Amino acid sequence: MKKAIEKIYLTIILIFMYAPILTLIVLSFNSSKSRAKWGGFTLEWYINLLSDEAVASALFNTLTIAILATIFSTIIGTITCVAMIGLPGKLRSVIMGITNIPMINADIVTGISLMLLFRFLHIGAGFTTILLAHITFNIPFVMLSVMPRVKNINFYVYEAALDLGASRTYAFFKTILPDIVPGIISGALMAFTMSLDDFIITYFTKGSGFETLSTLIYNEVKRGIQPEIYALSALIFIVVLTLLLIVYRAPQSKTKEN
Amino acid sequence: MSKDLITLEHISKSYDGQMILDDLSLSIYENSFVTLLGPSGCGKTTTLRIIGGFEKPDQGRVIFDGKDITDLSPNKRQLNTVFQKYALFTHMTIADNIAFGLKIKNKSDSYIKDKIKYALKLVNLEGFENRMPESLSGGQQQRIAIARAIVNEPKVLLLDEPLGALDLKMRQDMQYELKRLKEELGITFIYVTHDQEEALTMSDHIVVMNQGYIQQEGSPEKIYNEPENAFVADFIGDSNIIRATMVRDELVDILGAKFACVDTGFGENKPVDVVIRPEDVELVSPEEGTISGVVTDLTFKGVHYEMDVQAGGYEWLVHSTKMSEVGKEVGIKVDPYNIQIMNVPASEDEEAISETI
């Protein structure tokens with residue numbers, strides 16, 4: 001009895017959480033433009049999407065920014081974590097605390113402050129400002145994911161490599177890096193996901209005439225919703241979901257090996 | 001013994017204002033098994049890490065084979081280390097672990113293959129080439145760590161409490177294994193441990209350390225039978241350490257009774273410490289004994305009985321295969337050769353040493 005109630009409760013929760021997205025996905029295959037009527041299955045909206053130049057350019061912008069922001073933030077975040085190895089534990093947690101604040105901070109505050117900063121520094125709003133903003137808000141996510149790995153490094157292994165004749169650089173790549181790679185990968189995937197679906201910070205730092213997928217959808221919705229948008233949103237959801245599944249699976253499989 | 005291979009000259013090292021090593025000098029002979037023995041925090045591991053190049057001394061020099069290597073980085077030193085926690089490369093196979101040092105030295109593939117085979121045979125783990133470190137037991141991992149070090153043909157092998165994480169049986173097996181390896185390889189072993197039994201079993205030469213100072217060095221027999229101060233006597237095995245008075249040469253007053261001994265040169269009526277090992281105390285009838293007392297405690301220890309005897313205001317620890325029941329009046333007799341006389345600590349440093357006992 002208790003088990004049955006538990007299952008029903010869980011089902012209701014999941015329905016509440018996923019019903020909106022399911023609706024969206026179903027409507028993206030609806031041949032009728034009406035939101036209330038099922039007109040049969042179609043891929044028309046997906047095909048339209050592919051031929052839409054605005055969407056193609058927004059997709060290109062989104063991916064370029066996400067990839068570049070991921071690369072830079074992963075490198076910067078990882079180097080910062082490795083550099084913090086030598087710090088005393090107390091100072092390390094203070095620094096981690098400071099880097100965590102931007103994650104908890106409201107996106108709108110981060111977005112507006114970045115916009116003001118770029119204006120103040122006379123950096124023209126566009127690709128560069130969005131990229132800088134994305135690198136900034138991604139670094140804490142990378143560090144959050146890499147730091148636990150860094151804390152667990154067995155330094156005797158690094159010393160053993162030195163002892164066997166390895167240079168410091170070679171020993172780092174052979175011993176420390178393999179140990180933290182799972183953290184780096186999940187940090188990078190996290191950063192990529194964050195960058196891909198960010199709207200607020202992008203909106204405040206993008207300037208006019210430069211669109212990413214999220215800002216494009218926002219603009220389209222203002223003009224009245226087209227079914228293509230359902231298709232686009234459904235695609236974004238699937239991509240982000242896939243990435244998140246990989247992020248959550250990656251570190252788990254590693255701990256099993258250990 | 002042969003010539004000096006490693007010489008430490010006036011080494012000092014402190015962390016955060018705390019002195020770990022204070023003006024330590026030590027010579028290590030070629031082809032010897034030297035053990036640095038002491039309680040945790042005595043500076044033995046720091047000494048080993050300075051020899052290995054992982055720590056730099058604040059003062060002093062490290063001489064290796066006639067050359068000053070104080071500032072040489074670990075990867076340029078002709079010695080290898082076996083770490084306490086094995087420190088194997090977990091993402092590499094056993095063969096790759098052992099080949100690590102050889103690959104850096106650009107040895108040929110066939111040479112590396114031969115060496116891996118030879119090393120695995122030496123540590124009795126033939127056929128383990130393709131296993132991963134995690135699938136091995138602690139003892140096996142430690143053998144691989146040793147194999148990985150010795151394929152590089154170091155002149156010296158440094159071992160930092162390598163058996164610390166193993167269970168008793170495995171530890172005893174590995175002690176003999178290490179002794180055999182040392183004989184087969186003919187290189188110098190510098191071994192760090194806090195286990196006195198391990199040190200006595202394996203070493204040619206023991207260096208007893210405490211609070212950053214060398215307390216005594218010498219052969220295991222010498223360290224055990226002729227401890228130079230109360231710390232060494234107490235750290236190496238059980239002992240009765242009693243404050244006494246040297247009446248004259250070859251006669252010492254212990255707790256009011258006059259014992260004959262063999263030591264000379266301490267002066268007349270001078271305060272001294274005497275060390276008597278529990279197995280050297282003979283229990284006889286009260287009339288025969290130099291001093292008499294009462295048995296207060298009796299414990300069966302397997303090989304022998306352990307008894308406490310209250311005599312002359314001191315509780316004597318006695319090991320004997322013959323049992324004396326609690327409450328029995330007994331006499332205590334000690335062979336003159338088994339009484340070890342030590343100077344009473346004079347300086348403040350030495351006083352500090354004896355306080356930690």
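Here is a short chat about a predicted model, covering chain A and one hairpin in chain B.

Mentor: In this predicted model, local features need pLDDT of at least 70 and side-chain atom pairs count only at pLDDT 80 or more, while totals for chains, interfaces and linings use all residues. Residues are numbered from 1 along each chain as its sequence is written, with chains lettered from A and ligands numbered from 1 in the order in which they are written.

Trainee: How many helices does chain A have?

Mentor: Helices are DSSP runs of H or I with at least four residues, and strands are runs of E with at least two, numbered from the N terminus. Chain A has zero strands, and its helix count is eleven.

Trainee: What share of chain A is buried?

Mentor: Buried takes 20 or more other C-beta atoms within 10 Å of a residue's own, with C-beta atoms placed from the backbone; exposed is 12 or fewer, and partly exposed lies in between. Of the 258 residues in chain A, the buried share is 33%.

Trainee: How are H3(A) and H6(A) oriented to each other?

Mentor: Axes are lines fitted to C-alpha atoms over the stretch in contact, with angles from 0 to 180 degrees between N-to-C directions. Those of H3 (residues 53-83) and H6 (residues 127-151) of chain A come within 7 Å and cross at roughly 45 degrees. Under 35 degrees is roughly parallel, over 145 roughly antiparallel, 65 to 115 roughly perpendicular and the rest oblique. So H3(A) and H6(A) are oblique.

Trainee: Which residue in the turn between S9(B) and S10(B) has a positive phi?

Mentor: S9(B) and S10(B) form a hairpin with two residues between them. The turn residue with a phi of about 50 degrees is B:Gln211.

Trainee: And what is the bridge partner of B:Ile206 in S10(B)?

Mentor: Strands pair if DSSP finds at least two bridges between them; S9 (residues 205-210) and S10 (residues 213-218) of chain B pair in the antiparallel sense over five bridges. The partner of B:Ile206 is B:Gly218.
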